[in-house]
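Q: Please take a close look at one part of this predicted model, and describe how its side chains and its backbone pairing fit together. Please then place that part within the chain as a whole.

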Amino acid sequence: VHITEGGAQAGENRKKYVGQESDTTRGSGVIDHIGFRTTGLEEMIDHLNKNGVEFKERQVDDQGLYQLFLLDPNGVKIELNFANAEAKGRTPQLKASELTTAIN
């Protein structure tokens, strides 16, 4: 699990990349998502597709991460982090390197 600054302090690149919605500066609304390191990218994508779960694909090359962002049944955003090597030629909708400045 990772924790980063969010809410009203989130920059435009973070909002674009992660899809952050809340500008809350206090309380649980400050938490935009929960992130997990995991394995089995292709199996997870197959599972999500089979169950009709929408997700966004992202990539952070300098951290070696291929990411899936999705919402759980309660609307909590989940970030699943896989090693880039598992992507095997997949093309994400957005790469962090495509943003003009650092994600913050």
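A: **Polar contacts and the strands beside them**

The side chains of Q59 and D61 are joined by a polar contact of 3.2 Å. The model is a predicted one, and every value below is computed from it. Q59 lies in strand β2, and with a relative accessible area of 9% it is buried. The cut-off for that term is a relative accessible area under 20%.

D61 has a further polar partner: its side chain lies 3.3 Å from that of N84, again as a polar contact. N84 belongs to the loop between β4 and β5 (94-95). Leaving aside residues up to four places away in sequence, N84 touches Q59, V60, D61, G64, L65 and Y66. Two of the residues named there, Q59 and D61, are thus the pair described at the outset. Y66, also touched by N84, is one of the residues of the largest nonpolar core.

The hairpin formed by β2 and β3 has 4 residues between its strands, and G64 in the turn adopts a positive phi of about 70°. G64 is also among the residues that N84 touches. Strand β2, residues 55-60, runs antiparallel to β3, and 6 bridges join the two. Within this pairing, F55 has L70 of β3 as its bridge partner.

On to the next pairing: β3 and β4 are also antiparallel, with 7 bridges between them. Here L70 stands opposite I78 in β4. L70 is therefore matched with I78 in β4 as well as with F55. These two strands form a hairpin too, with 5 residues between them, and G75 in the turn has a positive phi of about 85°.

How far is β3 covered by its surroundings? Because 6 of its 7 residues are buried, β3 is largely enclosed by the rest of the structure. The order of the strands gives the setting: an open sheet of 5 strands is arranged as β1-β4-β3-β2-β5, with mixed pairing. At its edges are β1 (33-37) and β5, each of which pairs on one side only.

The side chains lead from the sheet to a helix. The largest nonpolar core contains 11 residues, namely L41, I45, L48, F55, Y66, L68, L70, I78, L80, F82 and A87. At least two of these come from each of α2 (41-50), β3 (65-71) and β4 (77-83). F55, L70 and I78, already met as bridge positions, are members of this core. L68 shows how the parts meet: apart from residues up to four places away in sequence, it touches L41, M44, I45, L48, F55, K56, E57, I78, E79, L80 and F82.

Two further residues complete the local picture. R58, in strand β2, has a relative accessibility of 6% and so counts as buried. The C-alpha atoms of R58 and L94 are 5.2 Å apart, although 36 residues separate the two in sequence. K88, by contrast, is exposed, with a relative accessible area of 70%. K88 is in the loop between β4 and β5, the loop that also holds N84, and its phi is near 40°, a positive value in a residue other than glycine.

In the chain as a whole, there are 2 helices and 5 strands, which follow one another from the N terminus as α-β-α-β-β-β-β. Of the 104 residues, 39% are buried. Among contacts with a separation of 6 or more, 54% link residues 24 or more positions apart. The accessible surface comes to about 6,600 Å², and carbon and sulfur atoms account for 49% of that area.

Confidence varies along the model. The mean pLDDT is 83, with 72% of residues at 70 or more. Of the elements, α2 has the highest mean pLDDT, 98, and helix α1 (residues 12-18) the lowest, 69. Where pLDDT is low, predicted coordinates should not be read in detail.

Key:
Residues numbered from 1 in each chain as written. Predicted model: local features only at pLDDT ≥ 70, side-chain atom pairs only at ≥ 80, totals over all residues. Heavy atoms only, no water. Core = buried A, V, L, I, M, F, W, Y, C linked by side-chain atoms within 4.5 Å. Buried < 20%, exposed > 50% of the residue type's maximum accessible area, 1.4 Å probe, protein only. Contact = heavy atoms within 4.5 Å. Polar contact = N/O pair within 3.5 Å; in protein donor to acceptor, adjacent residues only side chain to side chain. Pairing = 2+ DSSP bridges. pLDDT = per-residue confidence, 0-100. Areas by Shrake-Rupley, 256 points an atom, 1.4 Å probe, with all protein chains shown as cover.
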